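Thanks for sending this one over. Here are my notes on the cysteines and on one of the pockets, set out as numbered points.

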Amino acid sequence: MDRRLVPLMLVVAIVLWLPFGRGSTCSASSLQAHRFFEQENSKLRERYHAEYIASFTYNTNVTEENRQAMISAKAEGAKASKILAQAVKSGDYIHSEIPSIRRQAIMLQDLGADALDESDYLELKNAISAMQSNYATATVCSYTNRTNCSLDLEPHIQERLVNSRDPAELAWYWREWYDKAGTPMRQNFEKYVRLTRKAAHLNDYRSYADYWLHFYEDADFERQLDSTFKNLLPFYRQIHGYVRYRLRQHYGPDVVPAEGNIPMHLLGNMWGQSWSEVIDLFTPFPEKPFVNVKSEMERQQYSVRKLFELGDQFFQSLGMRALPTSFWNLSLLTRPEDREVVCHASAWDLYQDSDVRIKMCTEVDTHYLYVVHHELGHIQYYLQYEQQPTVFRGAPNPGFHEAVGDVIALSVMSAKHLKSIGLIPNGRLDEKSRINELFKQALSKIAFLPFGYTMDKYRYAVFRNELDESQWNCGFWQMRSEFGGVEPPIPRNESNFDPPAKYHVSADVEYLRYFAATIFQFQIHKALCIQAGQYAPGDSSRTLDNCDIFGSKKAGQAFKSFLSPGSSRHWREVLEELTGETEMDPAALLEYFDPLYQWLKQENSRLGVPLGWGDTNKISSNCCGPFST
């Protein structure tokens with residue numbers, strides 16, 4: 001080689017790799033940037049694949065060996081993320097004139113917990129996985145046989161919460177679960193709070209709450225959250241008052257107060273987040289039988305696979321992607337008998353060759369018909385944005401991912417659709433039956449909202465150090481009471497620690513997404529129903545609560561356009577293209593449930609039902625609060 005060419009080659013190499021704004025041409029900078037991010041996204045996909053494989057293995061086989069392997073994979077990923085973030089920062093890509101490059105740079109420089117040093121990172125991941133393991137393996141003692149302490153949350157405890165009408169038995173299982181799944185995890189939760197606070201500061205956020213909120217890309221989003229909650233409270237208060245009145249009729253004044261908080265162990269759910277499982281206690285029109293999907297599924301000998309095939313068929317009817325063969329081969333769809341698993345339903349993107357999976361302990365009933373479609377919504381989202389760069393393979397708003405499956409479930413659970421698949425005989429309900437069905441839905445959707453609101457409002461207060469550690473437990477119950485009017489069946493104090501008895505707290509899962517999803521799903525549902533010609537204001541044959549978009553290619557194309565950008569664009573843009581709206585707005589939800597809302601107001605007035613509630617007496621009177629919204 002001519003030695004005179006060496007300096008020239010060095011100059012060319014340096015120019016090709018110069019960052020933005022430092023003497024390189026626009027075209028060279030653009031070419032270099034695209035090449036850099038293409039390479040790094042490929043590496044990132046490989047890392048994510050390794051991390052999620054290790055995590056899926058642990059979640060489907062809870063052993064100490066698999067837990068350590070999962071933590072090790074995450075630690076390796078954290079190291080690589082730091083190196084990548086530094087390279088992005090050094091390249092000054094955040095000032096690129098190319099919007100997609102700027103957006104990728106912003107997202108890749110956001111390290112989260114990966115910003116911690118190795119020792120702190122491992123301590124944090126060990127604390128979280130210890131809480132997860134405890135949640136997954138916690139068992140309780142039987143009320144009728146105290147020597148049998150092998151009862152799992154699902155199906156054993158949940159079955160008793162749904163079917164028992166003995167307040168003492170219900171309180172027993174409630175206390176057993178919270179004492180086993182919550183209280184022992186206080187030290188791990190303390191570590192978690194300390195280290196996530198440190199991680200937030202390393203990422204230049206004031207608190208971990210602000211770090212969570214930044215994913216919504218809207219400095220005003222918490223205010224929107226508060227405003228939305230306040231707008232929905234009048235409807236919730238009508239439901240709460242009616243349910244309390246009917247529970248008091250059944251259990252008597254010694255168990256249920258006339259004007260106070262509802263004892264949550266009576267509501268058919270461990271966390272009091274959904275009340276529909278005990279609807280037989282307060283059905284508006286008991287002479288009108290509910291749509292009995294479970295008995296018909298049993299008569300037709302439905303299998304778990306059949307539930308998933310129905311969901312797959314629904315998405316395909318919209319012109320969307322079919323489940324890949326690997327889904328059926330690699331998912332865990334029922335509880336295995338030979339090992340411990342994390343039964344909490346979840347959908348997984350393994351970042352390789354359309355490898356998408358579900359992990360859940362499915363049973364054949366109405367609840368799981370809904371959950372299957374919810375989880376398959378996540379799967380379809382993964383498949384729709386699969387062609388995006390790795391960094392954009394996610395939802396632009398955490399609430400969107402949770403909303404997608406629920407949007408489909410709104411159609412699936414409509415009388416019109418259930419008739420079309422042969423599960424009920426009549427595709428249109430009379431007015432009393434319609435009120436019953438809307439009430440049942442509201443006991444899941446509307447009753448959930450104060451719970452969904454509280455879960456992160458509580459953690460925000462902890463993360464921001466607004467709640468003293470000596471009041472972490474009473475503060476939790478103060479919020480549950482203040483925002484939702486529910487309380488524990490027995491007194492709780494600081495020797496107890498109850499928040500980790502909910503999976504999402506133990507697993508470090510931000511929860512505002514579920515509240516937001518409950519609102520967004522009705523906005524999206526309305527838009528798709530219009531596209532499908534299934535909804536028209538004032539037309540009693542085309543209502544939001546009996547809309548079925550099955551088979552509508554037009555609605556499917558609109559849905560694909562909404563899903564396929566992933567997080568490459570701001571959520572307001574993609575929401576506006578589909579719905580014409582740019583904010584989280586409860587108007588569509590309130591329209592959907594309006595016939596029930598009007599009926600409740602009239603019925604509560606007729607019965608003289610008191611609305612609202614006071615302070616709970618199940619915690620110390622000198623606890624913190626009230627909390628503002």
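1. Let me begin with C547, which is buried, at 0% relative accessibility. Please keep in mind throughout that this is a predicted model. The partner of C547 is C529, and the two sulfur atoms are 2.0 Å apart. C529 is likewise listed as buried, with a relative accessible area of 0%.

2. What is the handedness of the disulfide of C529 and C547? The torsion about its S-S bond is about -105°, so this disulfide is left-handed. The pair links distant parts of the chain, with C529 in helix α21 (residues 512–531) and C547 in the loop between α21 and α22 (553–563). The two cysteines are 18 residues apart.

3. Next comes the link of C474 and C623, whose sulfur atoms lie 2.1 Å apart. The value about the S-S bond is 90°, and the link is right-handed. C474 sits in helix α19 (residues 472–484) and C623 in the segment after α24 (587–607), so the disulfide ties together parts that are 149 residues apart in sequence. Both ends count as buried: C474 has 7% relative accessibility, and C623 has a relative accessible area of 12%.

4. You may wonder why C624 is not bonded to C623. The closest cysteine sulfur to that of C624 is indeed the one in C623, but the distance is 3.6 Å, which is too far for a bond; the cut-off for a disulfide is 2.5 Å. C624 counts as buried, at 16% relative accessibility.

5. C141 and C149 form a disulfide too, with 1.9 Å between their sulfur atoms. The torsion about this S-S bond is about 95°, so the disulfide is right-handed. Is each end buried or exposed, or in between? C141 is buried, with a relative accessible area of 11%, whereas C149 is partly exposed, at 34%.

6. For the overall bookkeeping, the structure holds 4 disulfides. With the bonded cysteines of the protein chain numbered in sequence order, the pairing reads 1-2, 3-4, 5-8, 6-7.

7. Finally, a few words on the second largest pocket, which has a volume of about 220 Å³. Its lining consists of 15 residues, and those nearest the centre are P289, F290, V291, P425 and L429. Which classes make up this lining? There are 7 nonpolar residues, along with 4 polar and 4 charged ones.

Note on methods:
Residues numbered from 1 in each chain as written. Predicted model: local features only at pLDDT ≥ 70, side-chain atom pairs only at ≥ 80, totals over all residues. Heavy atoms only, no water. 1 Å grid on protein atoms, 1.4 Å probe; cavity = no way out; pocket = protein on both sides within 12 Å on 5 of 7 lines; lining within 4 Å. Points joined across faces, edges and corners; volume = space filled by probe spheres on them. Nonpolar A, V, L, I, M, F, W, Y, C, P; charged D, E, K, R; others polar. Buried < 20%, exposed > 50% of the residue type's maximum accessible area, 1.4 Å probe, protein only. Helix = DSSP H or I, 4+ residues; strand = E, 2+ residues; numbered from the N terminus.
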